[in-house]
Amino acid sequence: MKFVDEAKVRVTAGKGGNGCLSFRREKYIERGGPDGGDGGDGGSVFLKGDGSLNTLIDFRFQPKYRAEHGTQGSSRQCTGAKGDDLFLSVPVGTMIIDEETDEVLGDITKEGEEILVARGGFHGLGNTRFKTSTNRAPRQTSKGQMGEERILRLELKVLADVGLLGLPNAGKSTFIRAVSSAKPKVADYPFTTLIPNLGVVKVEAHRSFAVADIPGLIEGASDGAGLGIQFLKHLTRTHILLHIVDVSPADDSDPLGAFNVIEEELYRFSPTLFERERWLILNKIDLLSESELTDLLKRVDEELDWNGPVFAVSGVSRHGTDSLCQSIMRFLETRAIQLEEDPDFVELQRQTEIEIEREGTDRVTQLRARKRAQQDNDSDERGDDHDVEVVYAE
Ligand SMILES: Nc1nc2c(ncn2[C@@H]2O[C@H](COP(=O)(O)OP(=O)(O)OP(=O)(O)O)[C@@H](O)[C@H]2O)c(=O)[nH]1
Ligand SMILES: [Mg+2]
């Protein structure tokens, strides 16, 4: 499955400056000829590949862009200044589509690659240009042309940096709603989320990451219970998993028990994915008193086989979610630097992904074979999401 991050922007190139109507007027020179200069061209709009960006989210906050107009020509044959071109930085991999015609204008495939998306208006001509042997004092000029305007749809296939993991009702979708502009359905019944969703989290300008919300897992998922475990394959290329635990489940079950159930299912899907950076997120802390939370944290410390980071948040009140996102961003940025500097680390990541893919595929294949045997030639593969191709981030 490919997640697609999408943004619509209106780009308007600058108008060309008008030509100038003017005649030379100097002392002692009678009937000086025409001396109106041309206008300057309008600035164009370009999109430019920037390898440090990984989402299109900044465009959702600012959807309109305009390049500068050219200035008018002036007397003494002065040409107007050209409007500055506008370069908009987009992530490498961005596809540019004209929203009105659906025409693909291009793909930004490399760092620094530039694609013209709106051409600046041509400049107007000053009256000097219209002088002929029969018309020595032309009063004619031309106007600068309008710049092109387009509505662009930008699409970027993104890999989620962060994957959410947890029982149904743990609050995964609520968390995505709290930290991003994605609006997956939230409800107090299990399996509200049936297909993975993508949320893009903007920490500040040009710092963002993508989170995948996948359907909840239940005990026995790796044996096909609930929606199964095949959705875990969407976490193969994430860099952190957030294991979200409801601290106050409606059925009064023990949150630590819920934690162990998911850890077990994850391990059974892929021992290699189990080794991935994973943070424990205690969610719904708005439902606990301070002392209850302290007791729970103490139990986490004493009773769980867990050495990773622990965060206490509430997706509903958004308590703790900002600082969690800041920590995620810092982790991802540190990792990106390591990827740039250390080729061994890059290779290790690649191997890890191959291994997870292999383990996950084996597991899912085994499960299907078993199901098929049980159901006696029943080839119904509900729960599979092979035909789900594209999910748009809202
Ligand atoms: N009080 C409280 N309720 C929450 C919080 N987060 C989620 N909920 C509630 O928990 C229920 C389940 O939330 P969802 O976000 O749909 O849970 P999910 O993990 O996405 O569930 P599935 O999609 O079924 O796997 C909803 O009724 C939410 O309103 C929270 O921080 N505090
Ligand atoms: Mg959900």
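In this predicted model, Thr-71 is in contact with Gly-17, Gly-39, Gly-40, Gly-80 and Ala-81, when neighbours within four places in sequence are left aside. Thr-71 itself is located in the loop that links β3 (64-66) to β4. The residue counts as buried because 21 C-beta neighbours fall inside 10 Å, the threshold for burial being 20 or more. Between Thr-71 and Lys-110, which are 39 residues apart along the chain, the C-alpha separation is 34 Å.

Strand β4, which follows that loop, belongs to an open sheet of 3 strands with mixed pairing, arranged in the order β4-β2-β7. Its edges are formed by β4 (86-91) and β7 (114-118), each of which pairs on one side only. From one strand to the next, the twist averages 35°. The pairing of β2 (residues 45-50) with β7 is antiparallel and extends over 4 bridges. Within this pair of strands, Leu-47 has Ile-115 of β7 as its bridge partner.

A second open sheet, also described by mixed pairing, contains 6 strands in the order β10-β11-β9-β12-β13-β14. Because β10 (197-204) and β14 each have a single partner strand, they stand at the edges, and one side of each is left without a neighbour in the sheet. Neighbouring strands of this sheet are turned against each other by 25° on average, direction ignored. Helix α3 packs on the sheet through contacts with β9 and β12, and the direction of the helix makes about 145° with that of β12.

At one edge of the 6-stranded sheet, β10 is joined to β11 (residues 207-213) by 7 bridges, the two strands running antiparallel. In general, the strands of a sheet pair through backbone hydrogen bonds, in either a parallel or an antiparallel manner. Two positions illustrate the register of β10 against β11: Leu-198 stands opposite Ala-212, and Glu-204 has Arg-207 as its bridge partner. The hairpin formed by β10 and β11 has 2 residues between the strands, and in this hairpin His-206 adopts a positive phi near 60°.

Positive phi values also occur at Asn-169 and Arg-318, neither of which is a glycine. For Asn-169, phi is near 75°; this residue lies in the loop between β9 (162-165) and α2. Asn-169 counts as buried, since 22 C-beta neighbours lie inside 10 Å. Arg-318, with a phi of about 65°, is placed in the loop between β14 (310-312) and α6 (321-341). In contrast to a buried residue, for which 20 or more other C-beta atoms are required, Arg-318 has 15 within 10 Å and is therefore partly exposed.

Helix α2, which bounds the loop of Asn-169, also takes part in the surroundings of the ligand. This helix (residues 172-179) gives the most to the shell around ligand 1, contributing 3 residues. The shell comprises 24 residues, of which Gly-171, Ser-173, Asp-188, Thr-193 and Gly-216 come nearest to the ligand. By class, the residues around ligand 1 divide into 9 nonpolar, 11 polar and 4 charged.

The loop between β12 (240-246) and α3 (255-269) holds Val-247. With 25 C-beta neighbours inside 10 Å, Val-247 meets the criterion for burial and so counts as buried. Residues up to four places away in sequence not being counted, Val-247 touches Pro-255, Leu-282, Asn-283, Lys-284, Ile-285, Leu-287, Leu-288 and Leu-296. By C-alpha position, Val-247 and Phe-191 are 18 Å apart in space, with a sequence separation of 56 residues.

One of the residues touched by Val-247 is Leu-296, and the helix α5 spans residues 290-303. Over its 14 residues, α5 reaches 20 Å from its first C-alpha to its last, close to the 20 Å expected at 1.5 Å a residue. The helix is hardly covered, the count of buried residues among its 14 residues being 1.

Key: Residues are numbered from 1 along each chain as its sequence is written. Chains are lettered from A and ligands numbered from 1 in the order in which they are written. This is a predicted model: local features need pLDDT of at least 70, side-chain atom pairs count only at pLDDT 80 or more; totals for chains, interfaces and linings use all residues. A residue is buried if 20 or more other C-beta atoms lie within 10 Å of its own, exposed if 12 or fewer, and partly exposed in between; C-beta atoms are placed from the backbone. Two residues are in contact if their C-beta atoms, placed from the backbone, lie within 7 Å. Two strands pair if DSSP finds at least two bridges between them. Axes are lines fitted to C-alpha atoms, for helices over the stretch in contact, and angles run from 0 to 180 degrees between N-to-C directions. A residue is near a molecule or strand if its C-beta atom, placed from the backbone, lies within 6 Å of it. Ala, Val, Leu, Ile, Met, Phe, Trp, Tyr, Cys and Pro count as nonpolar, Asp, Glu, Lys and Arg as charged, and the others, Gly among them, as polar. The expected span of a helix is 1.5 Å times one less than its number of residues.
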